[in-house]
Amino acid sequence: MVPLKRRKVVSSGAGSPGGPGDTGSTGSTGGPGGGEERTRFPQVVLFLLERKMGSSRRAFLSQLGRKKGFQVEELLSERVTHVICENNCGDEVRTWLRLQGGGRTSAQLLDVSWFTDSMRAGRPVDILDGHKLQEQQIDDAEGGVFSVPSYACLRRTTLENHNPVLTDALSLLAENAELSDEDGRGVAFRRAAAVLKALPEPVTGAAQLRGLPCLGGHSLRVITDILENGASREVEFTKQSERFKALKVLTGIFGVGAKTAERWIRDGIHNLHQLQESGQALNRAQQAGLDHYDDLQQPVTRAEADAIGEVVEEAVVSVLPGAQITLIGGFRRGKLTGHDVDFLITHPEEGREVGLMPKVVTWLESQGFLLYQKTTRNSYLEAKAGPARPPSNMDRFERCFSIFKLADAEKRGRKRAGNAPEDTCCPAAHSRVADEGPEPVKPAGGPGRWRAVRVDLVVSPVSQFAFALLGWTGSKLFERELRRWAGRERAMSLSSHALYDSKQSRYLRATSEEEIFSHLGLEYIPPSERNA
Ligand code: CTP
Ligand code: MN
Ligand code: MN
């Protein structure tokens with residue numbers, strides 16, 4: 001057991017050395033005059049455990065609680081109904097309470113997540129399984145059969161996932177956190193899921209998780225719940241919640257982010273029908289997203305990605321002979337399906353790529369391949385971006401977010417069999433469809449004629465190609481971890497444009513991904529093992 005410090009019997013603020021035994025009379029909500037503070041929830045009396053929470057965070061949270069009308073006791077007493085803990089497990093807290101000299105056990109022992117959820121709701125929320133302290137202490141269990149490095153960029157994560165039930169559950173909570181503007185929690189769940197993805201076999205008991213990195217109390221509780229009960233109540237609850245369902249549907253529209261969805265939900269819009277009825281003004285991207293909603297919800301297959309690759313290649317070499325395209329994103333990591341298709345375009349002669357994107361887009365548009373596109377210009381200038389300003393997550397390449405019009409496989413096949421093998425998409429205004437027979441030029445949504453597919457195009461100068469390739473291959477968590485490694489462990493700053501070494505005050509050049517890994521002091525991880 002972790003050694004317990006008796007001096008924390010009474011936590012900061014009260015200054016009294018006494019144990020809970022002599023504090024029963026404190027009926028205030030914290031300090032002199034506290035009794036006059038308005039308590040909105042007389043049935044609820046909180047005590048925040050300083051152990052592992054720290055005194056300053058405890059003081060901050062206590063103040064927050066009182067501001068929201070909760071009674072927060074400085075001292076543990078019999079009045080306390082809810083003990084709020086952070087990073088403690090149930091056993092630890094119970095032992096701690098026992099050592100306080102008969103500290104009462106009828107109070108709920110809760111994780112700080114219940115407190116923060118309640119603060120957000122402005123009232124004491126229902127206690128879910130995920131809010132309760134986990135019972136076993138993982139550190140004490142014998143187990144500990146897996147050994148996993150804590151940075152995802154030190155691990156080899158293939159697509160073979162031995163723990164899909166656990167990782168799906170954690171990913172869902174990550175998604176919910178991200179959609180609720182809680183990025184910190186989102187990353188914590190993503191990291192926990194990524195650790196489980198790297199395990200060589202299924203987890204059968206919580207004891208096996210001993211010593212694994214990135215598994216916080218909350219994630220461990222979810223995992224334990226699933227292992228013991230077959231499901232996590234918190235995950236099931238989230239999945240069923242109207243708010244989560246509405247956020248999913250609305251952010252599923254291309255061009256709609258969490259903030260917009262949140263605003264719509266506040267206006268009572270929870271689904272596509274309500275959105276259409278509401279008369280909400282939609283921007284061009286959102287309108288296109290809504291028009292092609294069903295298509296864009298369908299995963300893109302590898303065959304479709306390859307078909308689009310042929311078209312993009314034709315476009316690129318028509319407007320700039322010698323230019324090269326590379327499939328990036330999830331498909332480069334070996335995924336069989338994706339939510340979009342990503343391509344990186346460059347030219348072996350530095351500078352020739354300038355202005356390429358508008359020409360490619362014009363070509364694609366003239367052939368009727370684009371249902372929507374938005375191009376942004378390259379805004380990266382090393383002299384300006386460099387040392388003073390660390391590269392941000394968003395890179396500044398010339399890029400195009402688009403929605404492609406892709407002919408169905410049968411039609412692509414017929415064309416390939418004919419005399420235009422490169423013509424794999426469905427060109428609405430394309431002369432080559434003229435001899436296709438009786439089909440209408442634009443079979444507007446006709447079943448099986450064509451589908452909409454999200455496509456991302458990025459243009460990089462060849463000098464930055466390796467960085468762009470690494471940065472756009474993903475996974476997103478792998479990228480995040482690479483940057484974290486670079487910054488924390490190497491005092492370097494990595495972006496999709498460059499690698500800057502702060503100790504040497506200079507940029508490190510690279511012409512291949514292998515070289516970048518080597519600059520970072522990392523073993524090379526191929527794309528198929530970056531599925532963190
Ligand atoms: N990316 C980026 N900047 C963006 C969007 C994406 O740098 N504005 C990078 C991400 O870091 C990721 C890659 O582009 O590495 C691909 O992103 P995305 O298409 O969203 O994800 P995939 O891994 O390809 O997943 P999916 O198969 O679902 O498309
Ligand atoms: Mn992608
Ligand atoms: Mn993409």
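Along the chain, the donors of the manganese ion (ligand 3) follow the spacing D-x1-D-x113-D. The model is a predicted one. The protein donors of this ion are D340 (OD), D342 (OD) and D456 (OD). They lie 2.1 to 2.3 Å from the manganese ion (ligand 3).

The manganese ion (ligand 2) is also bound through carboxylates of the chain. Its coordination comes from D340 (OD) and D342 (OD), at 2.0 to 2.1 Å. The manganese ion (ligand 2) and the manganese ion (ligand 3) are 3.6 Å apart. D340 bridges the two. Both D340 and D342 are buried. The relative accessible area of D340 is 6%. D342 counts as buried because its relative accessibility is 8%, under the 20% limit.

D340 also takes part in a salt bridge. Its side chain meets that of R454, with an N to O distance of 4.0 Å. R454 sits in strand β11 (residues 450–459), while D340 is in the loop between β7 (337–338) and β8 (341–346), so the pair ties together parts that are 114 residues apart in sequence. R454 is buried, at 9% relative accessibility. D340, at 6%, counts as buried too. D340 thus appears both as a metal donor and as a salt-bridge partner.

Salt bridges elsewhere were then examined. Side chains of opposite charge can pair when their charged atoms come close. The count comes to 26 salt bridges, with a side-chain nitrogen of Lys or Arg required within 4 Å of a carboxyl oxygen of Asp or Glu.

R332 forms one such bridge with E513. The closest N and O atoms of R332 and E513 are 3.0 Å apart. R332 belongs to helix α14 (residues 329–332) and E513 to helix α20 (residues 513–519), so this pair ties together parts that are 181 residues apart in sequence. R332 is partly exposed, with a relative accessibility of 23%. E513 is buried, and its relative accessible area is 4%.

A salt bridge within a single helix links R120 and D117. Their closest N and O atoms are 3.4 Å apart. R120 and D117 are separated by about one helical turn because they are three residues apart in helix α3 (residues 112–121). The burial of the two partners is as follows. R120 is exposed, at 51% relative accessibility. D117 counts as buried, at 15%. The pair is part of a network: D117, R120, E182 and R185 are joined by salt bridges that share partners.

Surface charge was considered next. A patch of positive charge is formed on the surface by R38, R40, K67 and K68. One of these residues, K67, is placed in helix α1 (residues 55–67). K67 counts as exposed because its relative accessibility is 70%, over the 50% limit.

Backbone geometry was also examined. A cis peptide bond joins G474 and S475. Its omega is about -10 degrees. S475 lies in the loop between α18 (465–473) and α19 (476–490).

Positive phi values were found at C214 and S505. Phi of C214 is near 65 degrees, and C214 is a residue other than glycine. C214 is placed in the loop between α5 (183–197) and α6 (217–229). It counts as partly exposed, at 27% relative accessibility. S505, likewise not a glycine, has a phi of about 50 degrees. The loop between β13 (499–501) and β14 (506–508) holds S505. S505 is exposed, with a relative accessible area of 52%.

Definitions and conventions
Residues numbered from 1 in each chain as written. Chains lettered and ligands numbered in written order. Predicted model: local features only at pLDDT ≥ 70, side-chain atom pairs only at ≥ 80, totals over all residues. Heavy atoms only, no water. Patch = residues over 30% accessible without salt bridge, like charges linked within 9 Å, V, L, I, M, F, W, Y side chains within 5 Å. Areas by Shrake-Rupley, 256 points an atom, 1.4 Å probe, with all protein chains shown as cover. Lys, Arg positive; Asp, Glu negative; His and termini not counted. Charge placed at Lys NZ, Arg CZ, Asp CG, Glu CD. Helix = DSSP H or I, 4+ residues; strand = E, 2+ residues; numbered from the N terminus. Buried < 20%, exposed > 50% of the residue type's maximum accessible area, 1.4 Å probe, protein only. Donors = N, O, S within 2.8 Å, 3.2 Å for Na, K, Ca; no water.
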